[in-house]
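Open the model in your viewer and keep the sequence panel beside it. The stops below say what to select next and what is there.

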Amino acid sequence: MVSELVSDAFWQRVAPLLPPPRPKKKQGRPRADDRAALEAIVFVLRSGIPWEMLPRKQFGLSGMTAWRRLEEWTCAGVWEQLQARLLDALGLRGKVGFSRASIDSSSMRASKRGPFTGPSPTDRAKAGSKHHLLVEVHGLPLTESVTAANVHDTHEPFPLVDSVPAVRMPSGQRRFRPAKVHGDKAYASRKNRLGLRLRGIAPRIVHPGVESKARLGRYRWVVERTLAWKSQLRRLRVRDERRDNVHFGFLVLGCCIMLLRRLCPDIF
């Protein structure tokens, strides 16, 4: 079961990005294996179990050790680097399309509150967070962010578009600007349309009361599907992490798993 969580192909892409272990101030137990820690992190991400319930005999380390490793690697930017490398590998194979992109968000309850949480307008004002995704033409996640649940979607297009990594194309050149960005009426504003045009991107944002729902979902369904894929990772259904960086690390790692499934479909 554990071997299915982190395949050799997955580990070979993660291992070079891991920071060197910190020197110990005093002698003690030997450091837990990095691959076992990654397996434990992926297990928690996919199953949604609390850290303290991680089966220690199966993974060879405690849930607290796995949590510390996740925090350490998140602070080191491992997951963002992994996502950029996976996008490069897919781009070189012609599997990343910048002809159009789509943006959307989904909300979840934050059971322990923390930074980037707020009263959710869709959950009786209970504390919640919101995941924002920008996906390319096939639905592969290009970039993501976390905000409080009460932050309106109209504030997120520019932070997302500006954070897209430069992806290597089959020609060898890099590209980071989609030709078009599709969004629903939540993103409808003159500021968003003008800002996208200034970036060389054609805005395809719904005009409320003008365009039909059928036209709305003609290209945007890919981002809805990606959000559904994200929800299959149970740790991302409800925010159980008080630390915002750890929760964001889970989100980026989940997007990396989606990219790896497209790159190496045989290992999942």
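Start by selecting Asp34, which is buried at a relative accessible area of 18%; buried means under 20%, exposed over 50%, and partly exposed in between, with a 1.4 Å probe and protein chains only. Now add Arg31, which is partly exposed at 34%. The side chains of Asp34 and Arg31 meet in a salt bridge, 3.1 Å from N to O. The term salt bridge stands for a side-chain nitrogen of Lys or Arg within 4 Å of a carboxyl oxygen of Asp or Glu.

Two notes on what is shown: this is a predicted model, in which local features need pLDDT of at least 70, side-chain atom pairs count only at pLDDT 80 or more, and totals for chains, interfaces and linings use all residues. Residues are numbered from 1 along each chain as its sequence is written, and side-chain values use heavy atoms, with hydrogens and water left out.

**The largest pocket**

Keep Arg31 selected and show the largest pocket, whose volume is about 730 Å³. Of its 20 lining residues, those closest to the centre are Lys24, Arg31, Thr65, Arg68 and Arg69. A pocket here is an open set of points on a 1 Å grid over the protein atoms alone, where a 1.4 Å probe fits, with protein on both sides within 12 Å along at least five of seven lines; lining residues have an atom within 4 Å of a point. Grid points are joined across faces, edges and corners, and the volume is the space filled by probe spheres set on the points.

Next, colour helix α5 (residues 63-75), which gives the largest share of this lining, six residues. Helices (H or I, at least four residues) and strands (E, at least two) are DSSP runs, numbered from the N terminus. Which classes make up the lining of the largest pocket? There are 11 charged residues (Asp, Glu, Lys and Arg), six nonpolar (Ala, Val, Leu, Ile, Met, Phe, Trp, Tyr, Cys and Pro) and three polar (the others, Gly among them).

**Strands β1, β7 and β8**

Select β7 (residues 180-183) and β1 (residues 101-109), which pair in the parallel sense over two bridges; strands pair if DSSP finds at least two bridges between them. Ser102 has His182 in β7 as its bridge partner. Then add β8 (residues 202-205), which runs parallel to β7 and is joined to β7 by four bridges. Here Lys180 is partnered with Ala202. Show helix α8 (residues 190-198) too: β7, α8 and β8 make a right-handed β-α-β unit. Right-handed means that, with the strands pointing away from the viewer, the path from the first strand over the helix to the second runs clockwise.

**More salt bridges**

The whole structure has 14 salt bridges. Select Arg220 and Asp184, whose closest N and O atoms are 3.6 Å apart. Arg220 is in helix α9 (residues 213-231) and Asp184 in the loop between β7 and α8, 36 residues apart. Both Arg220 and Asp184 are buried. Add Asp104 and Glu224 to see the network that salt bridges with shared partners form with Asp184 and Arg220.

Move to Arg177 and Asp162, a salt bridge with its closest N and O atoms 3.5 Å apart. Arg177 lies in the loop between β6 (174-175) and β7, and Asp162 in helix α7 (residues 157-162), so the pair ties together parts 15 residues apart in sequence.

**Last stop**

Finish at Arg113, in the loop between β1 and β2 (118-119). Its phi is near 55 degrees, a positive value in a residue other than glycine.
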